[in-house]
Amino acid sequence: MSANKIEIENFDKYAYEWWNKRGPYKLLHNLTPIRLRYIQDRIDVTNKKILDIGCGGGLLSEALHDAGANVYGIDASKKTIEIAKNHANEREIDITYICQSFNDFAQSSNQKFDYIVCFEMIEHVDDQNQLINDIESMLHKKSKVFFSTINRNLISFVFAKVLAEYVLNMVPKNTHTYEKFVKPSELNRMLEENNFITENITGIKFNPITQGFSLSEFNKINYFLTASKK
């Protein structure tokens, strides 16, 4: 289930840009407050053990830590994890970062988490159903998982792939593979097959003028999803 080598190598190219708010990850910096708000609207993160899958350079991991969570971040890119660790060390904050594929971690670790966050990750793995199965194995009963990903349709292809990567250069080229985009109905089905109940689906609206984000009923491009383990 691990993110494939091509995906990892693509992110490695920009590993040292994670904390550059004007660099290739500018939009993720702008999105982080909305990500945190979506989570906090549904749970109290204080003193909760939370796993951030595909944590990248630690943008959301640090936001969750600052909100009071006990955060573990995992990513398969060694360069990226080094950046995340260094940034946390500079701030003198305690986040546990793991450089490993999530599938390997799930198979080798007996740890359980109160909540798991999987933002902008499922569209980068080869076996999406296995990812969800692994998440289920690492959650306590009645716990929740939070996803954000990209819907698959003509609108998302035009805006999230063609315009974002090749016309407006808002994200690095080849960041996304359209065929791996996930429809909400498909994600809901995989969750049901792996002992989860979907509780919420919320769209994400992008303002091209301010380059900011807000929560929305429109989920044809990006969306959040919350599911509870039975």
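Is Phe157 buried, partly exposed or exposed? With a relative accessibility of 33%, Phe157 counts as partly exposed; the scale used here calls a residue buried under 20% relative accessible area, exposed over 50% and partly exposed in between, with a 1.4 Å probe and protein chains only.

Before going further, some ground rules. This is a predicted model, in which local features need pLDDT of at least 70 and side-chain atom pairs count only at pLDDT 80 or more, while totals for chains, interfaces and linings use all residues. Residues are numbered from 1 along each chain as its sequence is written, and side-chain values use heavy atoms, leaving out hydrogens and water.

## The chain as a whole

The chain has eight helices and eight strands; these are DSSP runs numbered from the N terminus, with helices being H or I of at least four residues and strands E of at least two. Of its 230 residues, 53% are buried. The accessible surface comes to about 10,800 Å², and carbon and sulfur atoms account for 48% of that; such areas come from the Shrake-Rupley method with a 1.4 Å probe, and for residues only the protein chains shown count as cover. Among contacts between residues at least 6 apart in sequence, 72% join residues at least 24 apart, where contact means heavy atoms within 4.5 Å.

## Strand β5 and its neighbours

Strand β5 spans residues 139-150 and is mostly covered, with nine of its 12 residues buried. It pairs with two other strands named here, pairing being called when DSSP finds at least two bridges between strands. With β4 (residues 113-119), β5 runs in the parallel sense over six bridges, and Phe119 has Ser148 in β5 as its bridge partner. With β8 (residues 222-229), β5 pairs in the antiparallel sense over seven bridges; there, Phe146 stands opposite Thr226.

Helix α6 joins this picture too: β4, α6 and β5 make a right-handed β-α-β unit. Right-handed means that, with the strands pointing away from the viewer, the path from the first strand over the helix to the second runs clockwise. Asn133 lies in α6, which covers residues 128-137, and is partly exposed at a relative accessible area of 35%. The C-alpha atoms of Asn133 and Ala106 are 9.5 Å apart, with their positions 27 residues apart along the chain.

## Helix α3

Helix α3 (residues 59-66) is largely enclosed by the rest of the structure, because six of its eight residues are buried. These are Leu59, Leu60, Ser61, Glu62, Ala63 and Leu64. They pack against α2, β1, β2, α4, β3 and β4. After α3 comes Gly68, whose phi is positive, near 110°.

## Salt bridges

The structure holds eight salt bridges, each defined as a side-chain nitrogen of Lys or Arg within 4 Å of a carboxyl oxygen of Asp or Glu. The table gives three of the pairs.

| Pair | Closest N and O atoms |
|---|---|
| Asp126 and Lys180 | 3.0 Å |
| Glu136 and Lys229 | 3.5 Å |
| Arg189 and Glu193 | 3.4 Å |

Glu136 in helix α6 and Lys229 in strand β8 are 93 residues apart, so this salt bridge links distant parts of the chain. Both Glu136 and Lys229 are buried. In the Asp126 pair, Lys180 counts as buried, at 15% relative accessibility.

Arg189 and Glu193 sit four residues apart in helix α8, about one turn of the helix. Arg189 counts as partly exposed at 42% relative accessibility, whereas Glu193 is exposed with a relative accessible area of 51%. Elsewhere, a network of salt bridges links Glu62, Asp66 and Arg91.

## Back to the surface

Phe157, our opening residue, lies in helix α7 (residues 154-167). Together with Leu154 and Val158, Phe157 makes a nonpolar surface patch of about 260 Å². Patches are made of residues with over 30% relative accessible area and no salt bridge, joining like charges within 9 Å and nonpolar side chains (Val, Leu, Ile, Met, Phe, Trp, Tyr) within 5 Å.

Another residue to look at is Ile201, placed in strand β6 (residues 196-207). Ile201 is partly exposed, at a relative accessible area of 34%. Leaving aside residues up to four places away in sequence, Ile201 touches Pro184, Asn219, Tyr223, Phe224 and Leu225. From C-alpha to C-alpha, Ile201 and Tyr223 are 6.8 Å apart, at a sequence separation of 22 residues.
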